[in-house]
Amino acid sequence: MKTLAAFHVLPDLPEGLAPLWDLAYNLWWCWNRDLIRLFYQIDPEAWMASGRNPLRFLSSLSQQQLEQLSQDPKVKETVSSVLSQFARYQTLPRQLESHPAHQHLKVAYFSAEFGLAECLPIYSGGLGVLAGDHLKAASDLGLPLVGVGLLYRQGYFHQALNPDGWQLENYPESDFDLMPMQPVRFPTGEPLTVEVAYPHGPVWAQVWSAQVGRVTLYLLDTSLVRNRPEDRDITALLYGGDREMRLRQEILLGIGGQRALLALGISPTICHMNEGHSAFQALERIRVLMDDQGMSFGAAREATAAGNLFTTHTPVAAGNDWFPPDLVEAYLGGYRERLGLSREEFLGLGRVNPEDWGSDFCMTVLALRLSAHANGVSRLHGEVSRKMWGAMWPNVAEAEVPITHITNGVHSPTWTSLEMADLFDRHLGEKWRLAPADPQSWQELGAVRDEELWSVREYRRQRLVSYVRFHLRNQLTRQGVGHTQIERLLQGLNPHALTIGFARRFATYKRGSLLFRDVERMAALLSDSKRPVQILFAGKAHPHDHPGKELIREIVSLSRQPPFNGRLFFLEDYDLNLARYLVQGCDVWLNNPRRPQEASGTSGMKAALNGVLNISVLDGWWVEACELHSGWCIGRGETYDDLEYQDLVESQSLYDLLETEVIPLFYERDAEGLPGPWLARVRETIQALAPVFNTNRMVREYAEKLYLPNQLRWQQLNSDQERIHRLSQWKGHVRAYWSQVRIESVDAAPPAQLRVGMRIPLRVVLDLGQLAPHDVQVELYMGKVNAQRELVHTETLPLVYQGPAEGHRHVFAGEFPCTNPGTHGYTVRVVPSHPDLRDPLDLGLVSWA
C-alpha cells in the first residue's frame with residue numbers, strides 16, 4: 001500500500017547537542033578524530049550500525065539517551081572543543097592567495113564519482129576516493145574550488161558472495177533525507193533545477209549541495225516526478241547500464257553541470273575534468289560564449305580552452321569511453337548545430353584522427369582537444385599516456401606530446417588511524433596535518449621509541465582482526481555456513497601474525513591470484529606455526545567483468561582448502577570503512593599489477609601513512625616511491641611479451657621476497673620482543689613517503705603548475721575579444737597552409753675533430769609557402785645518439801631569422817654547441833609561433849628536415 005503523504009521527522013536534540021546536527025552536514029567531521037571518537041564512545045554498536053553516518057546515528061538515539069548525553073560533562077567539553085576546532089579551521093589562511101592570479105581564480109572540479117565518506121555512497125573506487133581527497137585538500141589549502149558530480153540514487157553496487165564464491169550485485173536505494181547534503185533552493189524556497197535536452201525532449205535535474213570543509217560539492221539528480229521513469233534512471237546507478245546510458249549520464253554531468261553552476265551564479269575560470277566523463281562541459285562553455293558574446297566556434301574554443309584542464313587515469317585505450325558515431329549524433333546532433341559544426345567536424349573533436357570518419361567518438365580525445373593542459377597521475381603513467389595518445393600529434397616526438405604528470409596523493413588526516421594520529425600529534429605537533437608536504441614536518445619521528453611505535457602497530461592489527469571476525473561472521477552466516485564451522489574458521493585469525501593485505505578492484509590485470517601461482521610454495525609459507533602469516537583479500541569486480549569474478553571465486557575456493565583455511569580470507573563488499581581497517585591494520589600491502597597498466601594506485605599510499613610496508617611491482621606511484629628506499633620491489637620494471645612467463649618470474653620473485661626478507665624481518669625480535677629492524681623500516685616508510693604522497697602536495701602542485709598559470713592566461717585572453725579572434729584566425733591560417741612548409745637544405749661545416757667548447761655553424765633554408773617568417777619558429781633539435789642512431793635526452797635551440805631568399809624561401813641560422821663529450825646528433829624542425837600560443841606543439845604541426 002502506498003502512502004498518502006511522506007515526511008521526515010528530525011530528532012529533537014537538546015541545546016548542548018544541537019551543534020552536532022549542523023556539524024554532521026559538513027563532511028569536515030570525517031577527518032576530525034575528536035568528533036569520530038565522540039560518536040563511537042556514545043554508542044559503538046549504534047555508530048557502526050549507522051554506517052558511520054552522524055545523521056542516521058543521532059536519529060537512532062532515544063530521547064532519553066540524548067538528554068543524558070547533554071548533561072555529561074565530558075560530552076559537553078568535547079562538543080565545545082570540536083566547535084572551536086571547526087571555527088579555527090574555517091579561518092585558516094588561504095595558502096596561495098599571495099599569487100597574483102589567486103584573486104580571480106574560481107575552479108570547478110568535475111568528476112563522475114566522489115568518495116568522501118561511506119554515508120555518501122556516490123563512489124566506486126580509487127577514482128572517486130581521489131576526487132574526494134582532492135576536495136578535502138582544496139578545503140585545507142583554502143582554494144576557491146567547487147566540485148560537480150551526479151547524485152546516484154543507488155550508487156555503485158553492494159557486493160555479496162554466494163556459497164560458491166561467485167559475486168552477486170545488490171543495489172539498495174539511498175535515503176537522501178539521512179545523507180549529509182541538502183537541496184539547493186531559490187530564495188522563494190523552490191528547489192533549483194536545470195534542464196538538459198535529450199532526443200525525446202528535456203530532462204530536469206535537481207541540484208543538491210554537500211559541504212566538504214570550506215569547499216562545496218554540487219550534485220545533479222534526475223529522480224524527479226516531472227521526468228519520465230527512464231530519465232529518472234540517468235542518476236540511478238554509477239557505471240551501470242549500457243553505453244547509451246553512459247552517454248546520457250556524461251551529457252548530464254558535463255552540460256548539466258555547467259548549467260547548474262550558471263544557475264548558481266558561479267562562473268568558473270578553470271574547469272578541471274577528472275577523467276573524460278565530464279568532457280562535454282568544455283563544449284557547453286563554448287556554447288555559452290557563442291550565445292552570450294556572439295563569438296565564432298573557433299574563437300570561443302580558444303577562450304575556453306585556456307581554462308580547461310584534463311586529468312587522465314586510464315593507461316589502456318579500451319578503458320576510456322568510446323561511443324558509436326550514430327549514437328553521438330542521435331543525442332547531440334541538435335547541440336552541434338547550435339555550435340555551427342557539421343557532423344564530421346563535431347565527431348572529429350572526439351577522434352584520434354579527425355579524418356577517420358569510421359572511428360568511434362572518444363571522451364578522452366575530446367577532453368585532450370579542448371584543454372590547455374593534460375596530465376597523467378604518476379611519472380610512468382605520463383610516459384604511457386604520451387605513447388598511447390601520441391597519434392593525436394603525429395609529427396611530435398613522443399617525449400614532447402603535451403601530456404605531463406602530477407602524481408596522486410591521499411588526504412593524510414582522513415586515512416591516518418586515530419592511534420597513529422595521536423602518536424604524530426605527540427611528536428610532530430600539528431605540522432603533519434597543516435603542512436604534510438614539508439619533509440621537515442616528519443623528521444622527529446626518528447625519536448619515537450620502538451615500544452611506542454610497535455604498540456600502535458599491534459593495536460591496529462588487533463582492531464583489524466576483531467573487525468574481520470565481525471565482518472566474516474555476518475558474511476558466512478548469510479551464506480548459510482553453520483555457527484560451529486564459522487567459529488572454527490575464525491579461530492585461525494591471529495592478532496599477532498604477520499598480516500598481508502590485498503584490496504582493490506578485481507580486474508585481471510591486477511593479478512589478484514599471482515600469490516597462488518605456486519600453490520605448494522605458498523602453502524608452505526602459511527603452514528609455519530612458528531612464523532604465522534595470514535592474508536586478507538577484498539575487492540569488487542565490475543558487474544560485467546566475468547574473468548574478474550572468476551578470480552574472486554578461485555581465491556574463495558582456495559581459502560576453504562587446507563592449509564589455506566583459517567589463514568586466507570576474502571572479505572566481501574569492499575568500501576571506505578573496510579579500506580580504513582585494512583590500510584591501518586595490515587603489516588604488508590601487496591600490489592602486483594601487470595606493468596604498466598596501473599596508472600597510479602593510492603591504497604599503498606594510505607597504508608604507508610600508517611606504517612604498513614609495501615611489496616609492489618614497479619608500476620604507477622611505486623616507481624617513484626621505491627626510489628625513496630622503502631618497502632620491496634617485485635622485479636626491476638621489466639616488461640614481457642610472454643605474459644605466462646612474466647607471471648612465473650614475478651610470482652617466484654614475490655615468494656623469494658616473502659621467504660628470505662619479509663617474514664624473517666618481521667619475526668626478528670630483540671630481548672623485549674620488539675622487531676627493531678622491521679620498525680626501522682616502518683619509520684623510514686612514514687618519513688620518506690608521507691611528505692610526498694599526500695593530496696596537500698598534489699593539490700598545491702595542480703594549483704602552482706596548472707590552475708594559477710592558466711588563470712593568468714585565461715584572464716589575458718578573455719579580457720580582449722579581438723585578441724582571441726586574431727589567435728583563432730591565425731590558427732586557421734596556419735593549419736590551412738602548413739602543408740606548404742618544407743625544409744630545403746641544412747648546411748653545416750663541422751671541423752674534422754670536435755672538442756668540448758667548440759660550436760658548429762648551421763644554415764637552414766626553408767620554403768614557407770603562404771606563411772610568413774614570424775608565423776614559425778625554426779629549431780635545432782639535438783641530443784645524444786643511442787645504439788639505434790636515435791636522438792635521446794633531447795633539447796631544442798631556436799635558430800635566428802637571417803632574411804628572405806628567392807621565392808617563398810627564407811634563411812635561418814645558428815650554432816650547435818658542443819657542451820659534453822660523447823656521440824651527439826641533431827636535426828632541424830619547424831613549428832608554429834605566435835605570442836599567444838601556449839605551446840608550439842599544441843597544434844601538432846611540425847615539419848622535420
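Helices and strands here are DSSP runs numbered from the N terminus, and the model shown is predicted.

**Close-up 1. Surroundings of Leu 797 in strand S24.**
Leu 797 belongs to strand S24, which covers residues 791-798. With a relative accessible area of 28%, Leu 797 is partly exposed, because that class lies between the 20% limit for buried and the 50% limit for exposed. Beyond its neighbours within four places in sequence, Leu 797 contacts Val 778, Glu 779, Leu 780 and Met 782, and also Glu 815 and Pro 817. Phe 816 is 19 residues from Leu 797 along the chain, and their C-alpha atoms are 8.5 Å apart.

**Close-up 2. The aromatic pair of Trp 28 and Tyr 89.**
The structure contains 38 aromatic pairs. One of them joins Trp 28 and Tyr 89 in a tilted arrangement, with 6.1 Å from centre to centre and 45 degrees between the planes. Trp 28 is in the loop between helix H1 (18-24) and helix H2 (33-42), and Tyr 89 is in helix H6 (residues 73-90), so the pair ties together parts 61 residues apart in sequence. Both Trp 28 and Tyr 89 are buried.

**Close-up 3. The edge-to-face pair of Phe 666 and Trp 678.**
The ring centres of Phe 666 and Trp 678 are 5.1 Å apart, and the pair is edge-to-face because the planes meet at 85 degrees. Phe 666 lies in helix H26 (residues 643-666) and Trp 678 in helix H27 (residues 676-689); the pair therefore ties together parts that are 12 residues apart in sequence. Phe 666 is buried at 0% relative accessibility, and Trp 678 is buried at 2%.

**Close-up 4. An aromatic cluster of phenylalanines.**
The cluster is formed by Phe 502, Phe 506, Phe 516, Phe 537, Phe 564 and Phe 570.

**Close-up 5. Lysines over aromatic rings.**
Lys 540 is placed over the face of Phe 157, 5.1 Å from the ring centre. Over the ring of Trp 415 sits the charged end of Lys 606, at 4.6 Å from the centre.

**Close-up 6. The disulfide of Cys 626 and Cys 633, and two cysteines outside any disulfide.**
The whole structure has 1 disulfide. It is formed by Cys 626 and Cys 633, with 2.1 Å between the sulfur atoms, and both cysteines are buried. Cys 119 is in no disulfide; its nearest cysteine sulfur belongs to Cys 30 and is 7.6 Å away. Cys 119 is buried, with a relative accessible area of 5%. Cys 362 is also in no disulfide, and the nearest cysteine sulfur, that of Cys 271, is 20 Å away. The relative accessible area of Cys 362 is 0%, so this residue is buried.

Notes:
Residues numbered from 1 in each chain as written. Predicted model: local features only at pLDDT ≥ 70, side-chain atom pairs only at ≥ 80, totals over all residues. Heavy atoms only, no water. Helix = DSSP H or I, 4+ residues; strand = E, 2+ residues; numbered from the N terminus. Buried < 20%, exposed > 50% of the residue type's maximum accessible area, 1.4 Å probe, protein only. Contact = heavy atoms within 4.5 Å. Phe/Tyr/Trp six-rings, centres within 6.5 Å; stacked < 30°, edge-to-face > 60°. Lys NZ or Arg CZ within 6 Å of the ring centre and 35° of its normal. Disulfide = S-S within 2.5 Å.
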